[in-house]
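Got a protein model open and not sure where to look? Let's walk through it together, one question at a time.

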Amino acid sequence: MTPACPLRALLAALLAAPALLAAPIREVRVVSRGIAVQDPDFVLGFTSVRAGEEADALRIARDIKTLLATERFSFADAELRPVSGSAAVDLVFVVEPRPRLGRPVAVTGAEAMGEAKVRQWLDLEVGDTVDDALLSVQTRKVLQEYRNR
């Protein structure tokens with residue numbers, strides 16, 4: 001999914017519900033999709049919309065782009081949830097953190113080149129963010145190194 005898709009979905013939802021656009025924001029929250037967010041304050045630190053302000057589609061869309069630009073999230077979106085019995089809404093940022101490598105990559109069957117050399121080609125350290133796309137690129141890099149030798 002490209003970063004523009006969540007923005008388009010948010011703008012479409014906001015334009016479909018004009019009453020929500022003028023609604024005051026009661027609360028700004030962070031929820032996680034998949035891996036738990038370790039620090040919700042990190043997310044809120046990169047957003048400009050605050051409780052008590054009116055919902056503003058452009059500022060919310062910019063906040064989503066800002067969150068994605070941190071490269072700590074593989075997904076970011078926002079939802080305006082009506083508060084029952086009130087004209088206010090809750091703004092909920094939905095994020096999916098990129099997983100981080102928790103321990104060194106286990107290499108098996110690399111007798112010809114050695115485990116240390118394969119780890120060097122992978123160029124992944126403990127704490128690095130990883131996802132399927134990155135792992136695919138790094139795997140192709142290792143395969144290419146094998147072919148070159």
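What follows is a chat about salt bridges and paired strands in this predicted model.

Q: How do I spot a salt bridge, and how many does a search of the whole structure find?
A: Look for a side-chain nitrogen of Lys or Arg within 4 Å of a carboxyl oxygen of Asp or Glu. Searching the whole structure turns up eight salt bridges.

Q: Let's take one, then. Which side chain does E96 meet in a salt bridge?
A: That would be R33, with 2.9 Å from N to O. The pair ties together distant parts of the chain, 63 residues apart. E96 belongs to strand β3 (residues 89-97), while R33 is in the loop between β1 (25-32) and α3 (40-45).

Q: And are E96 and R33 buried or exposed?
A: Neither label fits, because buried means under 20% relative accessible area and exposed means over 50%. E96 comes out at 24%, so we call E96 partly exposed. R33 is at 38%, so R33 is partly exposed too.

Q: What about R59? Which residue is its salt-bridge partner?
A: R59 goes with E53, and their closest N and O atoms are 3.1 Å apart. Try the accessibility reading again: R59 has 22%, which makes it partly exposed, and E53, at 27%, is also partly exposed.

Q: Where do E115 and R119 lie?
A: Both sit in helix α5 (residues 115-122), four residues apart, which is about one turn of the helix. Their side chains meet in a salt bridge of 3.6 Å, N to O. E115 is partly exposed at 40%, and R119 is partly exposed at 32%.

Q: Which residues do salt bridges with shared partners join into one network?
A: Follow the shared partners and you get R26, E27, R29 and D90.

Q: Now the strands. How should I think about side chains in a strand?
A: In a regular strand, the side chains alternate between the two faces of the sheet. Here, strand β2 (residues 73-82) runs antiparallel to β3, and nine bridges join the two.

Q: Which residue in β3 is the bridge partner of A76?
A: V95 is the one paired with A76.

Q: And how many residues sit between the strands in the hairpin of β2 and β3?
A: There are six residues between them. While you're in that hairpin, check the backbone of G85, which takes a positive phi near 75 degrees.

Technical notes
Residues are numbered from 1 along each chain as its sequence is written. This is a predicted model: local features need pLDDT of at least 70, side-chain atom pairs count only at pLDDT 80 or more; totals for chains, interfaces and linings use all residues. Side-chain values use heavy atoms; hydrogens and water are left out. Buried means under 20% relative accessible area, exposed over 50%, partly exposed in between (1.4 Å probe, protein chains only). Two strands pair if DSSP finds at least two bridges between them.
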